[in-house]
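Visitor: Hi, could you walk me through a structure while I have it open?
Guide: Happy to, here it comes.
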Amino acid sequence: MVLSKTSSESDVSVHSTFASRYVRASLPRFKMPENSIPKEAAFQIINDELMLDGNPRLNLASFVTTWMEPECDKLIMASINKNYVDMDEYPVTTELQNRCVNIIAHLFNAPLGDSETAIGVGTVGSSEAIMLAGLAFKRKWQNKRKAEGKPYDKPNIVTGANVQVCWEKFARYFEVELKEVKLRDGYYVMDPEKAVKMVDENTICVAAILGSTLNGEFEDVKLLNDLLVQKNKETGWDTPIHVDAASGGFIAPFIYPELEWDFRLPLVKSINVSGHKYGLVYAGIGWVVWRNKEDLPEELIFHINYLGADQPTFTLNFSKGSSQVIAQYYQLIRLGYEGYKNVMENCRDNMMVLKQGLENTGKFSIVSKDNGVPLVAFSLKDNSSHKEFEVSEMLRRFGWIVPAYTMPPDAQHVTVLRVVIREDFSRTLAERLVLDIEKVLHELETLPCRISTKIALANEEKEAAANKEKRDLEKTREITTAWRKFVMQRKMNGVC
């Protein structure tokens, strides 16, 4: 981060009990030490601090993969020193990336001929993938407007208010107006009809989400496509669609194969997906694929030769590790269609176990849908005494990390808790989580209401302040009255 915040302001040194076997002097916390220390001490110091991190397997806030097979771990460690950008030096790694792009493009039903290769690239995640896709849309729109002799300085993009923050980053960083379709109570994804109404001649694309971060729901890309086709026909525009399939791209093809959301729809020109979510790879890999070569303007692709042969590149960064690309290829060939289908069905089954357990408590309303990303979003039926944030806070005592958050406009009055079901979240863990949630609810019911207590205290302070003000006013009036009486008596006695 550009802006950093230190967690401790009181101590500028790092201490380690066990490391004192090797080092007696403390280390500066925010400056490089003057001298070296033994490798054992460095390891122990860092390892001791990391023990205070949460358990990744119990981090139910994250969509990111937290477990892979030992064989894949070995491949990752064996390639951890390879720089992916050195394509000429590591041609096999480059070949594996190209295979991944083509496998994913075929998975998304790209209209490729028998000898035609897919257009796409590996990224560090869906955020970079979205930036690249957005830049392609913006440049293609600008080129078209220039050719028509029309203004090209006010591009906009239409999304739902439920989009991930990377869309806001794209809009702000690359000077594109973000036109958001507001949510409403009970409908927490983009409304296709409202989205199409917001489209104008300056719209570079409409972004649909296949798997909302808020409640896992798939947006209706098919309806959006049909409405946009009609509008384009009426206006003469050619507004395209990008599908942000960061979470749902590795889910829908396996358990909802009949769902039309991908390149089967003519206006879908590009799709991004996170390999490190339901692509089942550790953090650090995303993908973006385009419908065909014409959808990625050639001027955005750079060609370099100072690392060897001519290398085309279209990325925001340059150097990055090869491990995640290799890990993605491992998962694709190791699991195949059958394996991914089994994993996604298992996640969905465990989601239903958790959902049923929460419903059986009688305390929660389920906000998420059964069809979509395997997660359970839920809110308290009665939060007049205790809030979802208190449930989230108290679950941490059992090791669970369950986020609580408010919905975006215009549904910000709704607060939900969310549990993401990943491959390593078993039925046993789901049942255990329900038991711990019941314990938290019981404990909250036996505690005084924090919110009402705060309100009562605030009211008492307000009343006390008002009483004090009243007393001060009465005292002032008494003094004034006494002084006036004294003055009048002096005048009557002839004293001036």
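Guide: We can talk about enclosed space and then one tyrosine.
Guide: This is a predicted model, where local features need pLDDT of at least 70, side-chain atom pairs count only at pLDDT 80 or more, and totals for chains, interfaces and linings use all residues. Residues are numbered from 1 along each chain as its sequence is written, and side-chain values use heavy atoms, with hydrogens and water left out.
Visitor: How many cavities of 30 Å³ or more are there?
Guide: The search of the whole structure finds 2. A cavity here is a set of points on a 1 Å grid over the protein atoms alone where a 1.4 Å probe fits but cannot get out.
Visitor: What volume does the largest cavity have?
Guide: About 70 Å³, taken as the space filled by probe spheres set on the points, with grid points joined across faces, edges and corners.
Visitor: Which residues line the largest cavity?
Guide: Among them are Phe-63, Trp-67, Lys-277, Arg-422 and Asp-424; lining residues have an atom within 4 Å of a point.
Visitor: And how much space lies in the second largest cavity?
Guide: About 30 Å³, and its lining includes Met-351, Met-352 and Lys-355.
Visitor: New topic: where is Tyr-90 found?
Guide: Tyr-90 sits in the loop between helix H2 (70-78) and helix H3 (91-107). Helices are DSSP runs (H or I, at least four residues), numbered from the N terminus.
Visitor: Why does Tyr-90 count as partly exposed?
Guide: Because its relative accessibility is 26%; partly exposed lies between buried, under 20% relative accessible area, and exposed, over 50% (1.4 Å probe, protein chains only).

How values were computed:
Helix = DSSP H or I, 4+ residues; strand = E, 2+ residues; numbered from the N terminus. 1 Å grid on protein atoms, 1.4 Å probe; cavity = no way out; pocket = protein on both sides within 12 Å on 5 of 7 lines; lining within 4 Å.
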